[in-house]
Each structure stands twice: as structure tokens, then as C-alpha cells.
Amino acid sequence: MRALVRIVSWLYAVAIYGFIFLPVVVLVLFSLQATSFPIPPFTGPSLRWYDAVLADTRLTSALVNSLLVAALSSAAAVTLGFLSAWGFARFALPGSALLRGLITLPLTVSYLIIGMGLLVLFNWAGVPKSLLAAGIGHVVINLPLCFAIIYSQMGDHQINIERAARDLGAPEWKVLLLITVPVMAPAIFAGFFLSMTFSWDEFVISFLLTRFDTTLPVEIWNLLRSGLNPKTNAVGSLVFAVSIVLVVFFELMLLRRKPA
Amino acid sequence: MNSATNSGRALPWALVTPALGWTLLFFVLPFVAMGFSSLTAHDGGGFTRANYSQFFTNPAYWQALVNSLQVTAIVTVISVLLAYPFAWILAEQVPERWQRLALMLAVLPFWTSYVVRSYSWLLVLAQNGVINRALTGSGLFSEPLQLANTRLATVTGFVHFFVMLLTLTIFANLKQLSPSYRKAAADLGAGPVRTFLHVVLPLTLPGIMVGAFLTFVLCIGDYITPQILGGNNELLMPQLVMMQIGRRGDFPLASALSIILMAVVTIAYLACARWLKIERA
């Protein structure tokens, strides 16, 4: 009985791993295709499509745009999230629960609807489509996340250290910069990192709110109009590689922080 | 002294106002704008209910919501059924020291870009893609199957993503379960099957509900997967919304459809709210 369970478990796990990895393997394999269609038979390996991606200024500038929007919108989201989390955790504010609920509300609404709302508002207000508009949208989706992560990590422990610093005569800004920020660094880092990955991968808000200068997911979407193309495979594989590097880096940071 | 107490009262609001202001300005206000817009006509004029009544009277629009609900229900059920045994194997059958690695591997493709993930399935399912080449090459079928641009393709793309997401949440749930429950069941004479059915499964059910609800919300609002994999053969709600903006620039109708979509999610939330109580340890 036990042996049978083991065998069935193994077969099942292998099947699911196969299902999960099938599209990724096909994507990366055919990015190395030597001919013009990413379909069997495999004719590579060749790096010609990677050269084509790196020579395409639309894609490379979209990549730079994506990194800029991700870094700046995440910095804004984590700053706003941190300040408000600190305010709510340290002071008893009237209507605190309601206001905290308001800040986390966007988490329950799909990106499409957030993007649509901003599109309608900006259209009425005469704000032109731009990377800035998309960045504003990314702060809307990431602020609640940063707030929730940082707020949930603020405990009595950190309040006590702050109190000690204040008793020793530190002014408020010194307490903030020298005590609270370093103590909360793991949560701040986690919020920033998660925001980066969400913004980096976000499509529909950027699609609705940008026009000529756009982000990488939107530019990849534009590439899809040409049908199956090994160039799309190559740029997809590159994005995957960047994400993996980020995730591994994050894992290592987390492991290092764990007390031995 | 007086100014000190004043600043003492001003500081907390100075801390929370930027975040609240941002949320009001770029989340609540757009929502109000969308509400107003949905009550106007595309070609100007005063307030009208036309956009909403159009939805309820035009079968093509109505059908998009039905399609969305069907696809979302199918995806949620299949994803839970596939992910639960997988998470159980990772948590129970894989040796402790390999679990972290096994889990990381299981969700690795999670990190491919979301547009690229759907495109990758297109490569697999296309007319002359990997699966069809394998089927015709092996002589099982003489003609390639129509796999891409179908509901099956949309469901496959969605299930792929949500199996990874649910594996993560269910795995976390199984690991949180104290082993003493299982020991107690065994001491009282229950076999492994009974222990699972009467102890482990009921205790992990709240976690499954949360994961299933998350799947529902993310799935019903997604535009990319049905657009790339399903094509335009049958429309889902997000495709219908985007179509109003893209082709016709009809913001009022797009706003009305968005609000209807959100209302559906809210109703679903209220319906499951009592199972969704996220308990704090």
C-alpha cells in the first residue's frame, strides 16, 4: 500500500512538473531556432534572434522604460506605504480601521478596472497618455501591498526601541531614519521587491495609459501581432532570465537574514 | 509647549495623508469618474441608463458574462483538483530538506512574464506547434487538431498559472497543520485514508477557499490569456471591455461593463465571505 502510494505520487508529481515546465522549455528551446519559425523541427542552436532583440531599439528602450517605471513607482509605493504604516501603528487615529481598509481596498479590484478608471479620469482631466500615467497606476496597485506588508510587521518590540531613542533625546526625524527604517528594513525590502516584480510584469494598465513610449510587456504584445516569431521567444527568455536572477537574489537575501 | 502639542497632533496625519490622498485621488476618484461616465451616452447628451440596459438586452454582451463565469468556474475547479494532490505530495512525500527546492521549482515558470506565458502556450498548441507535430508525427492523427483559439486553450493557459498559485497556498496550509492532529487520529484508530478525509481535508478547506476565491478574482478580470489563447471566437468580459475602448473609443459603455464586472466579483465575495474568514494564529 505504502509503496503504491509512493509510485503513484511520483508519477503524478512528474506529470505536473511536466505540465508546468512544458511551455517554458518550448519557449527557451525555440528561442535558439536558426530558421524563421519557432515550430518543430528544431534547427538551432543559434543566437541570431537574441542579436535581433538587442539590435531592436524599440525593445531595448522599452526595457529601460520598464526598469525605470518599476524602480520609481516601487520607491514611491514603499515610501507612502511605510509612512502610513508607521503613522497607523504608532498613533491612535480616529477611524483608523476604516482608513486602513481604504488604503488596502485596491487589492480587491482587478488591474483592468483600475486602469479603466484612470483612463476615464485622465481623459476628462486632459492628462496625456505617458509613462508617468502608467507609473501612477503602478503606485495605486503596489501601495496597498507595501502598506499591508510593513504594517503587519510593526510590533511592540520596535515601538519600544523607538521610545527608548526618544527618551534619550532623539528628535522625531532621527528616530525615523536611525531606528525605524533600519529595524523595518526586511519588510521595506520585501515590499519594494514585490512591487518591482509586479510593476515589471504589469500589462493592462501600461497598455491603457501609455502611447508611444511604452513598457516591455506592451512592446512584447505588439510583437505578437506578427504571429509566432523566434524573436518573441528570445525576448521572453531574456525577461524570464532577469526574473529568475531577481528571485534567486531575493531567496539568498532571505536565507542570509535568518538567524543561524 | 503649545506648538509641541500641535506638532504632536499634526505628525500622525502628516504620515498617513500622502497614502490616503493618493488612494482618494487615483483610486476612488477614477471610480467615481467611471460611474459618471457609465451614465452618459457615447455621443454626448445628458444622463442615460442606456449603457446598462444595452448590456441586459443585447445577448452578445450578456453571453460574454456567461462565458466568463463558465471559464472561471471550470478553471477554479480543475486548478484546485490538480494542485491539491501535488501540494500534498510536496508536503508529505518529499523529504524535508528537498521541499524548499521542490516548491521553488514548481513555481519557477510563475516568474515568466505574463504576456510571454500565454504566448508560450500558443507555441505548444498552435496548428503546427509541438503537440500537433507530436500527434501527427506519431501517426495517431492524420490531421492537426484545432487547439489554439479555443476555450480549451484559454482554460489550459489559466490552469497552468493557477495550479502554481494554488500549490503555493495549499502547501503552506498543509505545513501549518500541527502533526498532533494526525497523531491523535491515528491513536484513535483511524487509518491514513480516514485521517485524510476526516481530519486533514476539513482543516485545510478554509485555505482552499481563500485560494479558490483568489483564482476566481484574478481569472475573471484577466484580458491577456483569453485574448492570446482564445482568440476572438468567444468573448470574455475583459475582452468585451477592451474592445469598446480599442475599436470604438466608447468610454461610457466600457465603464458600464467594468462596473458590472466588478459588481459580479463583489457578489461572489459576499456569497463566500463567511468561508473566507482569514484566521490569525
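Modeller: Before we start, a residue is called buried here if 20 or more other C-beta atoms lie within 10 Å of its own, exposed if 12 or fewer do, and partly exposed in between, with C-beta atoms placed from the backbone.

Biologist: Okay, so what share of chain B is buried?

Modeller: Buried residues make up 39% of the 281 residues in chain B, and for chain A the share is 43% of 260 residues. This is a predicted model, in which local features need pLDDT of at least 70 and side-chain atom pairs count only at pLDDT 80 or more, while totals for chains, interfaces and linings use all residues. Residues are numbered from 1 along each chain as its sequence is written, and chains are lettered from A and ligands numbered from 1 in the order in which they are written.

Biologist: How many helices and strands does chain B have?

Modeller: Chain B has 12 helices and 0 strands, where helices (H or I, at least four residues) and strands (E, at least two) are DSSP runs numbered from the N terminus. Chain A likewise comes to 12 helices and 0 strands.

Biologist: And is chain B compact or spread out?

Modeller: Chain B is more spread out than a compact globule, because its radius of gyration is 24 Å, well over the 19 Å that the globule rule gives for 281 residues. The radius is taken over C-alpha atoms, and the rule is 2.2 Å times the number of residues to the power 0.38. Along the principal axes, the C-alpha atoms of chain B fill a box of roughly 80 × 70 × 30 Å. Chain A has a radius of gyration of 23 Å, where a compact globule of 260 residues would have one near 18 Å.

Biologist: Where do the two chains touch, and how many residues does each give?

Modeller: The contact takes 66 residues from chain A and 58 residues from chain B, two residues being in contact if their C-beta atoms, placed from the backbone, lie within 7 Å. On the chain B side, the largest share, 17 residues, comes from α1(B).

Biologist: What classes of residue are on that side of chain B?

Modeller: The side of chain B that touches chain A has 44 nonpolar, 12 polar and 2 charged residues. Ala, Val, Leu, Ile, Met, Phe, Trp, Tyr, Cys and Pro count as nonpolar, Asp, Glu, Lys and Arg as charged, and the others, Gly among them, as polar.

Biologist: Switching to α1 of chain A, where is the kink?

Modeller: A kink of about 40° lies at A:Phe21, shortly before the proline A:Pro23; the bend at a residue is the angle between axes fitted to the seven residues ending there and the seven starting there. Among the buried residues of α1(A) are A:Ile20, A:Pro23, A:Val24 and A:Leu27.

Biologist: Does UniProt say anything about chain A, and which residues are listed for a domain?

Modeller: The unreviewed UniProt entry lists residues 63-250 of chain A for "domain: ABC transmembrane type-1"; positions are given in the numbering used here, feature names are shortened, and annotations may be inferred rather than shown by experiment. In the model, residues 63-250 of chain A are 81% helix and 0% strand, with the end C-alpha atoms 21 Å apart. The entry's "transmembrane region" annotation covers several spans of chain A, including residues 131-154, and that span is 96% helix, with its end C-alpha atoms 33 Å apart.

Biologist: Last one: is A:Ala125 buried or exposed?

Modeller: A:Ala125, found in helix α5 (residues 111-125) of chain A, counts as exposed because it has 9 C-beta neighbours inside 10 Å.
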